[in-house]
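Visitor: I have the sequence and the 3D view open on my screen. Could you walk me through a few spots, one at a time?

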Amino acid sequence: HMIYTITAQPRDIVGKATKALRRKGTIPAVMYGRGFTSQTVSIERSSFLKLWKQAGETKLIDLVVGTGAPVKVIIADIARDPLSEEVRHVDFHQIRMDEKISTEVELVFTGTPPAVKELGGVLIKSLPKIRISCLPGDLISTFEVDCTSLKTFRDYIYIKVLKLPSTIKVLDNETEVVATVMAPRSEEELEKDKEKPVEDIGAVERIEKEKKEEEPAEGATTPATPAKKEEKKK
């Protein structure tokens, strides 16, 4: 296991005053966990972005506050600016190594299914992630799914056939389908599509325009307007 580390500084600045921190290239953060004292900290933006790219939200991180000893955490939540997408705040969840945690694992699909190679089908990845529970030391961030068992369009890969380590418990329903192969569209279906009349886009646009002109203008005093506004409130 690669060890991911980040250094943080204790933070007394809270509320609106954190704007000044962000201008200096620092992100305000908080560290909390059951049985631990919550602590407000700040982290260097560039260091955090690099760490986030590598560790994501499933890998254990050693967080060092000031000159203290490293603490095991995972990235629990990231608040981003809705317009600029900039990271504005980070929650670190402090982990007890003897307590199980729940998280999501990304499924990585490998191998070409014979139903794709020989029958021309399309691989359908129904489940990109599964929810798991395990001790922090047994945490995995991805799991490979071998798709070579999909020989026909009637073959499915279910959660229950995934050979996950025995230290990991799957929280999703084991009968859920992870992947299958869909048959290619037949010549008949493709021909039918070709025969469908192509809609006159100009005509469609004209109809839409006429509809709009018929509708009362926003704010017009018609009996229907107040009712519509009431519905929006619900």
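Visitor: In which loop does Pro 70 lie?
Guide: Happy to start there, with the reminder that this is a predicted model. Pro 70 comes after one strand, S4 (61-65), and before another, S5 (71-80). So the place to look is the loop between S4 and S5.

Visitor: Is Pro 70 buried or exposed?
Guide: A residue counts as exposed when its relative accessible area is over 50%. Pro 70 has a relative accessibility of 54%. Pro 70 is therefore exposed.

Visitor: Which residues does Pro 70 touch, not counting residues up to four places away in sequence?
Guide: Contact here means heavy atoms within 4.5 Å. With residues up to four places away in sequence left out, the residues that Pro 70 touches are Asp 62, Leu 63 and Val 64.

Visitor: How far apart in space are Pro 70 and Ile 6, C-alpha to C-alpha?
Guide: In sequence, 64 residues separate Pro 70 and Ile 6. In space, their C-alpha to C-alpha distance is 9.0 Å.

Visitor: Let's move to helix H2. Why do the buried residues of H2 line one face of the helix?
Guide: The buried residues of H2 (residues 45-55) are Arg 45, Phe 48, Leu 51 and Ala 55. An α-helix has 3.6 residues a turn, so residues three or four places apart point the same way. Looking down the axis of H2, the buried residues line one face because they fall within an arc of 130°.

Visitor: Which exposed residues does the face of H2 turned away from its buried side carry?
Guide: Turn the helix so that its buried side points away from you. The exposed residues carried on the face of H2 that you then see are Lys 50 and Lys 53.

Visitor: On to strand S7. Which of its side chains point to one face and are buried?
Guide: In a regular strand the side chains alternate between the two faces of the sheet. Along S7 (residues 101-110), Ser 102, Glu 104, Glu 106, Val 108 and Thr 110 point to one face and are not buried. Those that point to the other face and are buried are Ile 101, Thr 103, Val 105, Leu 107 and Phe 109.

Visitor: Which residue in S10 is the bridge partner of Val 108?
Guide: S7 pairs with strand S9 (residues 129-134) in the antiparallel sense, through six bridges, and Glu 104 stands opposite Arg 131 there. With S10 (residues 142-146), S7 pairs in the parallel sense over five bridges. In S10, the partner of Val 108 is Glu 144.

Conventions: Residues numbered from 1 in each chain as written. Predicted model: local features only at pLDDT ≥ 70, side-chain atom pairs only at ≥ 80, totals over all residues. Heavy atoms only, no water. Buried < 20%, exposed > 50% of the residue type's maximum accessible area, 1.4 Å probe, protein only. Helix = DSSP H or I, 4+ residues; strand = E, 2+ residues; numbered from the N terminus. Arc of directions from axis to C-beta. Pairing = 2+ DSSP bridges.
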